[in-house]
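Visitor: I am new to this structure and would like a close look at a single part of it. Please take one buried place in the chain and set it within the whole.

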Amino acid sequence: MSEQIAGWIMERNLRAFLELLSRYVGYAFDDTDWDTVEDGVRDTDDEKSDGWYSYPLAGTHATLDVSLARSVGSEVMSVSVTGAETPELQLRTDTLLSAFAGI
């Protein structure tokens with residue numbers, strides 16, 4: 001089992017983060033996926049153990065489980081990704097988290 005890659009991004013970057021991460025695993029993230037995620041994260045809270053929303057990105061190269069939760073009272077979205085088995089995918093995931101936290 002792969003390690004968990006966790007961090008946070010600005011909430012406004014969530015869709016772009018998921019679209020790029022999906023490309024790396026060979027998954028075509030579309031408007032239906034976005035609508036589902038947008039609804040799923042609406043009432044999340046990263047301070048509650050049961051306050052997270054999980055969404056799978058099952059692509060042709062890998063399957064990732066992306067867990068998301070809002071940091072209530074801020075514009076931050078906490079993110080946890082599991083399933084990145086290769087060093088390349090781990091690095092790409094970590095880099096996306098870093099990039100989308102800063103912009």
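**A close look at D45**

Guide: Of the 103 residues of the chain, 41% count as buried, where buried means under 20% relative accessible area, exposed over 50% and partly exposed in between, with a 1.4 Å probe and protein chains only. This is a predicted model, in which local features need pLDDT of at least 70 and side-chain atom pairs count only at pLDDT 80 or more, while totals for chains, interfaces and linings use all residues. Residues are numbered from 1 along each chain as its sequence is written, and side-chain values use heavy atoms, with hydrogens and water left out.

The secondary structure comprises three helices and four strands, arranged along the sequence as β-α-α-β-β-β-α; helices (H or I, at least four residues) and strands (E, at least two) are DSSP runs, numbered from the N terminus. D45 sits in the loop between α2 and β2.

D45 is buried yet has no salt bridge, a term that stands for a side-chain nitrogen of Lys or Arg within 4 Å of a carboxyl oxygen of Asp or Glu. The nearest side chain of opposite charge belongs to K48, 4.3 Å away; in this reckoning Lys and Arg count as positive and Asp and Glu as negative, with His and the chain ends not counted. A polar atom of the D45 side chain does lie 2.9 Å from the backbone nitrogen of E47. Leaving aside residues up to four places away in sequence, D45 touches G51, W52, A69, R70 and V72, contact meaning heavy atoms within 4.5 Å.

The surroundings can be widened to the nonpolar core, a set of buried Ala, Val, Leu, Ile, Met, Phe, Trp, Tyr and Cys residues joined through side-chain atoms within 4.5 Å. The largest such core has 26 residues, and those with the most contacts inside it are F17, V37 and V79. Two or more residues each come from β1 (5-10), α1 (14-25), α2 (31-41), β2 (53-58), β3 (63-70), β4 (76-82) and α3 (87-102), with α1 giving the most, five residues. V37, again without counting residues up to four places away in sequence, touches L14, L18, F29, Y53, Y55 and L68.

Across the chain, residues 24 or more positions apart account for 61% of the contacts with a separation of 6 or more. Finally, the C-alpha atoms fill a box of roughly 35 × 25 × 25 Å, taken along the principal axes.

Technical notes. A polar contact is a pair of N or O atoms within 3.5 Å; within protein, one must be able to donate a hydrogen and the other to accept it, and residues adjacent in sequence count only if both atoms are side-chain atoms.
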